[in-house]
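Q: Hey, can you walk me through this one? I'd like to start with the strands.

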Amino acid sequence: PSPDDSAWRSITYGNGLFVAVADNGTHRIMTSPDGINWTARTQAQVNQWQSVTFGKNTFVAVSDSGTNRVMTSTNGISWVSSPVLLNNYVFTSITYGNGSFVAFSNNGTSIMFSVDNGNTWTFYALPNGIGAQISIAYGNGLFVLICSSNDKILTSQDGINWQVSFISNNISPINAAYSNDNKLFVAVGLFKAVTAYWV
């Protein structure tokens, strides 16, 4: 069970530990070695934490509010802030792939990119007119960015340069994941059960 009644938003796994983050509550991080028994941890800053991922032996979480909107941890227990100010950016999803952490702001303009475990970040512009994004995933050498407002996906091999594609109409996708076994991305939407994007 959860250690408190926080609104948990995202979960990841790495180095034998599940780590979840929340956007409210006293404790906005919890960890578990088995997915059953959970321990509350103290966040680096009282932000609305939206997404967490794991790579390079480091957990990295992003927020849509607060002064520093990134926090990192090497063990999932002790967390430190990474100074990403930019109050106009609402970061809602992050993933790890190809040696880099890649997060996006759902204002539809920017990708945030780090190659040093979330310590420093570079911003890159996304193509114009793509609408709001809601989820990012990585697999088989490809980043996939889901756009919720216009049934578009963006793909990138490096997390910097992006190409725009359409998926089927009237799906309104909200999340995506990658299957190593089948070599495909699967996106779920509000109006269709599932759709697949082959790599």
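A: Sure. First, a term: two strands pair if DSSP finds at least two bridges between them. Keep in mind that this is a predicted model.

Q: Okay, so how many bridges join S2 to strand S3?
A: Four bridges do, and the two strands run antiparallel. One of the partnerships is Val 19 in S2 with Thr 31 in S3.

Q: And what's between S2 and S3 in that hairpin?
A: Six residues, with Gly 25 in the turn at a positive phi of about 100°.

Q: What about S1 and S2, in which sense do they pair?
A: Antiparallel, over six bridges. Trp 8 stands opposite Ala 22 there. Their hairpin has two residues between the strands, and Asn 15 takes a positive phi near 50°.

Q: Why is S2 described as largely enclosed?
A: Five of its six residues are buried, so the rest of the structure largely encloses S2.

Q: Switching to rings: how many aromatic pairs are there?
A: The count comes to nine aromatic pairs. Among them, Phe 54 and Phe 59 are tilted, at 4.7 Å centre to centre with 55° between the planes.

Q: Is Phe 59 buried or exposed?
A: Buried, at 1% relative accessibility. Phe 54 is buried too, with a relative accessible area of 18%, because the cut-off for buried is under 20%.

Q: Why is the pair of Phe 113 and Tyr 124 edge-to-face?
A: Their planes sit at 90°, so the pair gets that label, with the ring centres 5.9 Å apart. Phe 113 is in strand S11 and Tyr 124 is in strand S12, eleven residues apart.

Methods
Residues are numbered from 1 along each chain as its sequence is written. This is a predicted model: local features need pLDDT of at least 70, side-chain atom pairs count only at pLDDT 80 or more; totals for chains, interfaces and linings use all residues. Side-chain values use heavy atoms; hydrogens and water are left out. Buried means under 20% relative accessible area, exposed over 50%, partly exposed in between (1.4 Å probe, protein chains only). Rings of Phe, Tyr and Trp (its six-membered ring) pair if their centres lie within 6.5 Å; planes under 30 degrees apart count as stacked, over 60 as edge-to-face and the rest as tilted.
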